[in-house]
Structures are given as C-alpha cells and as structure tokens.
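Student: I'd like a close look at one part of this chain rather than a quick tour. Could you pick a single spot, stay with it, and then work outwards from there?

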Amino acid sequence: MAKSKAENIIAGLSMEMVVPATPQEAEAGDVVVCGRDSYFPDDIRTFCAECGEAIVHRPHAPANARKICVDCAHVLIAADDKPVIMATEQTMKEVKAFILRKKGAH
Ligand SMILES: [Zn+2]
C-alpha cells in the first residue's frame, strides 16, 4: 500500500532533526509535544489544545506554547514543509536521566 505524503514525512523524522534550543527560543515555539504517560512526579497534567486528549508536560515547558499530544503533533509536522523540532538542554538532561534509570532498572 502506498504511503501518504504525511506518513513519508513522519517516517523521515529522526533525532538528528532535533536542534538544541535555549529556554528563550523554546518559549518562542508554537507548540510543545506532550506524551500521555507521566514519568516524573512533578509532571503537569493538562489536555491537548487540539483534540482534548489528556496529556502531561514538564513544569519547565514553555508557558506560552500550546501543549499538544503526539498524534496532533504528527499532523502539524506533516503539514509543515520545514518543521523545526527543538529540545532545551533541560529536556535533554531529563531524557538522558530517564533512559539511564530505565537501563539501570532491569
Ligand atoms: Zn491532540
């Protein structure tokens, strides 16, 4: 079955596309992509600004950017010719700590 343009764009996304951002640059972003599952006790629970799905984000997420779920993010990314995907140093640190914790817990 032929893949849609949107599916091809999403399939082409990789970690190399994630660019480092300062908190100021992150604050200027349009949306924050949020997961459904909580991994940290201080996660903020809210709802996707697009579809209303229950989501969580970190307390240091940009305050003014709309918080959206992964599914809605896929739609936005697919619709954007040159999507810019950013992560702050704080986010990268937390992701790293989370992965190390997961690896340690076997
Ligand atoms: Zn959504």
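**A buried proline and what surrounds it**

Tutor: Let's start with Pro-62, which counts as buried because it has 21 C-beta neighbours inside 10 Å, where 20 or more is the cut-off. Bear in mind that this is a predicted model. Pro-62 sits in the loop between S4 and S5. Buried residues make up just 13% of the 106 in the chain.

So what does Pro-62 touch, once residues up to four places away in sequence are set aside? The answer is Ala-26, Glu-27, Gly-29 and Val-32. Take Gly-29 from that list: 33 residues separate it from Pro-62 along the chain, yet their C-alpha atoms are 7.9 Å apart. As for the chain overall, among contacts with a separation of 6 or more, 55% are between residues 24 or more positions apart.

Val-32, another of the residues Pro-62 touches, takes us into the largest nonpolar core. That core has nine residues: Val-32, Val-33, Cys-34, Cys-48, Ile-55, Ala-61, Ile-68, Cys-69 and Cys-72. Strands S2 (31-34) and S5 (66-69) each put in at least two of them, and S2 gives the largest share, with three residues.

From the core, follow Ile-55. Leaving out neighbours within four places in sequence, Ile-55 is in contact with Cys-34, Gly-35, Arg-36, Thr-46, Phe-47, Cys-48, Lys-67 and Cys-69. Of those, Cys-34, Cys-48 and Cys-69 also appear in the core list.

Next comes the strand pairing. S3 (residues 44-47) and S4 (residues 54-57) run antiparallel to each other and are joined over four bridges. Within that pair, Arg-45 faces Val-56 of S4. The hairpin they form has six residues between its strands, and Gly-52 there adopts a positive phi near 85°.

Now step back to the whole fold. There are four helices and six strands, arranged along the sequence as α-β-α-β-β-β-β-α-β-α.

For a contrast with Pro-62, look at helix H4 (residues 89-104). Is H4 largely in the open or tucked away? It lies largely in the open, because the number of its 16 residues that are buried is zero. Its length checks out too: at 1.5 Å a residue, the 16 residues should span 22 Å, and the end C-alpha atoms are 22 Å apart, so the two agree.

How values were computed:
Residues are numbered from 1 along each chain as its sequence is written. This is a predicted model: local features need pLDDT of at least 70, side-chain atom pairs count only at pLDDT 80 or more; totals for chains, interfaces and linings use all residues. Helices (H or I, at least four residues) and strands (E, at least two) are DSSP runs, numbered from the N terminus. A residue is buried if 20 or more other C-beta atoms lie within 10 Å of its own, exposed if 12 or fewer, and partly exposed in between; C-beta atoms are placed from the backbone. Two residues are in contact if their C-beta atoms, placed from the backbone, lie within 7 Å. A nonpolar core is a set of buried Ala, Val, Leu, Ile, Met, Phe, Trp, Tyr and Cys residues joined through C-beta atoms within 7 Å. Two strands pair if DSSP finds at least two bridges between them. The expected span of a helix is 1.5 Å times one less than its number of residues.
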